[in-house]
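Me: Could you walk me through this model? I would like to start with how far to trust the prediction and then go on to the contacts.

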Amino acid sequence: MVLNERELMEYGMRLGSELAPGVVIALTGELGAGKTTLAKGIAKGLGVTDEITSPTFTMINEYTSGRLPLSHFDVYRLGEGEAALVGMEELGYEEYFFGDGVTIVEWADLVEQLLPEDAIRISLSYGPDVETREVVVS
Amino acid sequence: MKNGKTILLGIETSCDETAAAVTADGREVLSNIIASQVDVHAVFGGVVPEIAARHHLTAIGSIVSEALREARVSTDEIDAIAVTKGPGLVGAVLIGLATAKAMAYVTGRSLVGVHHIKGHICAALLQHPELEPPFLALVVSGGHTSLIDVRGLGGAEGDMSVLGKTRDDAAGEAYDKVARVLGLGYPGGPKVDKLAMEGNPDAIKFKRIMLEDGSLDFSFSGLKTAVINYVHTKKQAAENAAVKASENRSLDSESRPADKKNRLVDAQAPESFDAADVAASFQQAVIDVLAEKTRQSLILTGRKSLVLAGGVAANSALRKRMREMSEAEGVGLFIPSPIFCTDNAAMIACAGYYEYRAGKRDSLDLDAYATLPLS
């Protein structure tokens with residue numbers, strides 16, 4: 001589907017309101033594709049009242065003000081290949097992926113091997129014009 | 001105590017840098033060691049893995065020893081150990097925290113947990129003995145963009161209040177991402193700053209995102225996306241033009257076998273945008289917003305001193321604009337040297353000193369925090 005920023009946010013909110021404990025949402029897409037915007041929507045749908053800021057710097061942000069605990073990973077700075085996997089180990093990803101909260105992973109393609117099989121995979125890319133994004137869910 | 005001065009050991013491991021430092025009476029820096037600044041090979045025994053920067057555990061022991069050695073103080077002469085307790089990467093913060101606790105336990109000295117952002121603010125005190133609260137601080141780094149009214153340093157309630165902060169990306173993060181899109185590499189801040197010097201800051205009118213009236217918050221995600229969209233659109237247009245041009249050429253000489261190859265080469269060759277202009281225009285948009293929100297905060301609080309701190313405070317264009325703005329507003333501007341703008345432990349020891357002096361002590365069950373409100 002092709003969505004603009006507002007629609008992407010609304011899509012995230014709908015998704016967030018339906019999520020069950022233990023779900024991992026794997027987001028892929030280049031810079032500016034809307035990963036954090038979608039994450040903001042999902043958080044809002046979960047009832048998170050905190051401001052969702054980009055986790056690029058801290059690599060992981062945690063929010064407990066919603067219906068379920070939300071952890072928001074960004075593996076952008078962990079590097080590629082082995083470095084990303086080791087970095088995820090250091091962050092203790094298993095506790096989050098296999099815990100009772102909801103986990104959103106940005107740049108999930110860098111840590112594909114670690115994702116649970118039942119993760120919701122959402123890929124974002126530039127749409128037909130600069131205001132829109134193509135969203136593919138699998 | 002040494003020579004009648006209060007000695008603090010500072011430890012900082014909240015993100016990429018492993019750092020330790022010793023200060024006397026808060027502002028006098030006796031040593032300031034940062035893992036990426038010392039001979040890394042010596043610390044790591046010749047092996048520097050790609051992810052070594054985050055391996056605080058390997059580095060922390062030698063960094064602390066080096067800080068004490070260079071300062072020529074023994075553990076007996078230390079009055080307290082100040083350590084970053086957050087915000088930051090919890091796993092990273094924990095390494096520094098565990099080290100500080102172990103040292104506090106063994107030596108019987110006091111432990112003082114410090115807020116990382118407060119450390120950045122206190123970096124300005126290190127080189128400006130005349131600077132005293134109250135003042136306004138703008139902290140800009142890869143992870144933070146905050147405007148803070150500083151009324152005291154002792155850690156009392158109401159000493160600091162956050163007037164505005166980013167709602168999405170930090171300013172430094174936007175720099176890093178724009179640098180990546182322009183193919184400049186990491187860290188992006190200094191590279192964009194340098195390239196911007198050759199560009200025209202008015203070439204492209206990127207929107208200044210000021211948010212709703214009266215808000216002192218920031219938003220840089222939209223600007224980042226606008227820059228990416230611009231580059232994307234220009235590249236696409238160039239590729240289309242190149243394909244068209246080579247198609248026209250192949251019509252002229254239909255049977256030439258090299259045509260297909262030429263077409264591929266052509267499609268990659270042209271650069272339809274000036275990267276320096278993009279860098280300069282992006283930087284101008286960031287700085288316009290930072291300067292304007294800071295100016296509004298100065299007017300709101302009536303402060304006469306302004307501190308510019310954090311990694312992005314090393315940016316030359318930002319320093320220049322802040323200098324002009326503070327002069328126009330009749331405000332004194334205080335910016336730490338670049339070495340104290342990046343993450344370091346001298347700033348943590350300095351911040352810890354003022355809290356220690358005010359009587360603050362933390363127990364050995366002090367926690368590490370990923371997020372931590374500034375108070």
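The chat below goes through confidence, domains, the chain pairing and a few salt bridges.

Me: What kind of model is this, and how are things numbered?
Reply: This is a predicted model, in which local features need pLDDT of at least 70 and side-chain atom pairs count only at pLDDT 80 or more, while totals for chains, interfaces and linings use all residues. Residues are numbered from 1 along each chain as its sequence is written, chains are lettered from A and ligands numbered from 1 in the order in which they are written, and side-chain values use heavy atoms, with hydrogens and water left out.

Me: What is the mean pLDDT of chain B?
Reply: The mean for chain B is 88, and 89% of its residues reach 70 or more, pLDDT being the predictor's confidence in each residue, from 0 to 100.

Me: Where does pLDDT stay under 50 in chain B?
Reply: Residues 37-53 of chain B are under 50, with 20 contacts beyond four places in sequence in the model, and residues 255-269 of chain B are also under 50, with 13 such contacts; a contact means heavy atoms within 4.5 Å. Where pLDDT is low, the predicted coordinates should not be read in detail.

Me: And chain A?
Reply: Chain A averages a pLDDT of 91, with 100% of the residues scoring at least 70. Among its elements, helix H3 (residues 82-91) of chain A has the lowest mean, 81, and strand S2 (residues 24-28) of chain A the highest, 97.

Me: Back to B: how many helices and strands does chain B have?
Reply: Chain B has 12 helices and 10 strands, taken as DSSP runs (H or I, at least four residues, for helices; E, at least two, for strands) numbered from the N terminus. Of the 375 residues in chain B, 54% are buried, where buried means under 20% relative accessible area, exposed over 50% and partly exposed in between (1.4 Å probe, protein chains only).

Me: How is chain B divided into domains?
Reply: An automatic or database domain assignment sets the bounds, giving domain 1 (7-127 + 337-357) and domain 2 (164-334) of chain B. The contact takes 6 residues from domain 1 and 9 from domain 2, and the two domains of chain B bury about 510 Å² between them, 70% of it on carbon and sulfur atoms; buried area is the accessible area (1.4 Å probe) that two parts lose on being put together, summed over both. On the domain 1 side, B:His120, B:Ala124 and B:Cys341 lose the most area, together 66% of what that side buries.

Me: What about the two chains?
Reply: In chain B, 25 residues are in contact with 26 residues of chain A, and the two chains bury about 2,300 Å² between them, 58% of it on carbon and sulfur atoms. The count between chain B and chain A is 0 salt bridges, a salt bridge being a side-chain nitrogen of Lys or Arg within 4 Å of a carboxyl oxygen of Asp or Glu.

Me: Which residue forms a salt bridge with B:Lys118?
Reply: B:Glu355 does, with the closest N and O atoms 2.7 Å apart. B:Lys118 lies in helix H4 (residues 116-126) of chain B and B:Glu355 in helix H12 (residues 346-357) of chain B, so the pair ties together parts that are 237 residues apart in sequence. Both B:Lys118 and B:Glu355 are buried, and they are linked with B:Lys360 and B:Asp362 in a network of salt bridges.

Me: What about B:Glu66 and B:Arg69, how far apart are they along helix H2 of chain B?
Reply: They are separated by about one helical turn, because they are 3 residues apart in helix H2 (residues 56-71) of chain B, and their side chains meet in a salt bridge at 3.1 Å, N to O. B:Glu66 is partly exposed at 25% relative accessible area, whereas B:Arg69 is exposed at 55%.
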